[in-house]
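Let's take a walk through a protein model together. Have a look at the picture first, and then we'll go from the whole chain down to some of its empty spaces.

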Amino acid sequence: AHLLAGQVQPARAASTGPTSGHTWGMLIDLTRCTGCNSCALACKEANGLPDTGEKPQAFDPATYTYVAEQTVTTATGETQTRHVKRQCMHCLDPSCVAACPAAAMYKSDEGPVVYRPNRCLGCRYCQVACPFGVPTFEWSDAITPVIGKCWFCFERQAEGQQPACAAACPTGALRFGRRADLLAQARAQIASKPDRYVDHIFGEHEMGGTSMLYISDIPFAELGFPTDMPHTAPSEETEKVMGALPAVILGVGAAMTGTA
């Protein structure tokens, strides 16, 4: 994350709306995921994160992606353990960007939601705003704490490389490409194999659309995905709240001064 500080474009105070379908994305085919954790290990190596030798089980400042395990019952009544790769969804119109009062979070034109730690106030509004519970705060660092999350290998993309997780996947479960192309591929797969996939691309519309797209043979609700998400981004309401924040802070300060 620290390496990104000097390489992102000038930050915007808030999101400017959904980006085009030509931004980069990733299609995650959960029918191909075996839970090998190659993606999580590659992520740690690419980002210089400590590796404890154990499979990551949740987001933390040293874990940008992990593979969750979910016990499900298939259509034939068979009980199975299924695997779901988790990481930042890189929303097209991200709430974390709209919520950040210091423009530390930034939505790049190419798709990745990146971060400028030198601008971060440590307010953690991005954590509260994220509907997927992704950003984590470095509580253990009292001097220069930062927010940690997947940066979609922003630097690798700038060098013409695909994200480390996609490059490391041995089964083809992760496909990197232009979001519009990935959506077309996903629709074609679902149409050609309706008995293999549920008729839903998670991330196509959820929260206004995300750069990370999922297809599955198991209903997403059974895999732990939220099912009540709106199809519009909530950033406009977030921006209204953040726009009023300076006045609220000044008002509280004045009230406290008067009380004193």
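**From pocket to helix**

Let's start with a hollow: the second largest pocket has a volume of about 190 Å³. Keep in mind that you're looking at a predicted model. Who sits around this pocket? Its lining is made up of 15 residues, and the ones nearest the centre are Val 84, Arg 86, Gly 224, Phe 225 and Pro 226. Two strands, β2 (66-73) and β3 (79-86), each supply at least two residues of that lining. Of the elements, β2 gives the most to it, with 3 residues. As for chemistry, the lining of the second largest pocket counts 11 nonpolar, 3 polar and 1 charged residues.

Now zoom out for a moment. The protein chain has 260 residues, and 47% of them count as buried. Its secondary structure comes to 7 helices and 9 strands. How do parts of the chain that sit apart in the sequence meet? Take the contacts with a separation of 6 or more: residues 24 or more positions apart account for 61% of them. On the outside, the protein chain exposes about 12600 Å², and carbon and sulfur atoms supply 54% of that area.

Back to empty space, this time the enclosed kind. Rolling a probe the size of a water molecule over the atoms shows where empty space is left. How many cavities of 30 Å³ or more are there? The count comes to 4. The largest cavity has a volume of about 100 Å³. Around the largest cavity you'll find 14 lining residues, with Cys 43, Cys 150, Phe 152, Cys 153 and Cys 165 nearest its centre. The lining of this cavity splits into 10 nonpolar, 3 polar and 1 charged residues.

One of those names takes us to a helix. Cys 43 belongs to α1 (residues 38-47), where it is buried along with Cys 39, Ala 40, Ala 42 and Lys 44. Here's a handy rule for reading such a list: an α-helix has 3.6 residues a turn, so residues three or four places apart point the same way. What do the buried residues of α1 pack against? Their partners are β2, β3, α5 (164-168) and β8 (174-178). You've met two of these strands before, as β2 and β3 also help line the second largest pocket. Finally, step just past the helix: α1 is followed by Gly 48, whose phi is positive, near 65°.

Methods:
Residues are numbered from 1 along each chain as its sequence is written. This is a predicted model: local features need pLDDT of at least 70, side-chain atom pairs count only at pLDDT 80 or more; totals for chains, interfaces and linings use all residues. Side-chain values use heavy atoms; hydrogens and water are left out. Helices (H or I, at least four residues) and strands (E, at least two) are DSSP runs, numbered from the N terminus. Buried means under 20% relative accessible area, exposed over 50%, partly exposed in between (1.4 Å probe, protein chains only). Contact means heavy atoms within 4.5 Å. Accessible areas come from the Shrake-Rupley method with a 1.4 Å probe; for residues, only the protein chains shown count as cover. On a 1 Å grid over the protein atoms alone, a cavity is a set of points where a 1.4 Å probe fits but cannot get out, and a pocket is an open set with protein on both sides within 12 Å along at least five of seven lines; lining residues have an atom within 4 Å of a point. Grid points are joined across faces, edges and corners, and a volume is the space filled by probe spheres set on the points. Ala, Val, Leu, Ile, Met, Phe, Trp, Tyr, Cys and Pro count as nonpolar, Asp, Glu, Lys and Arg as charged, and the others, Gly among them, as polar.
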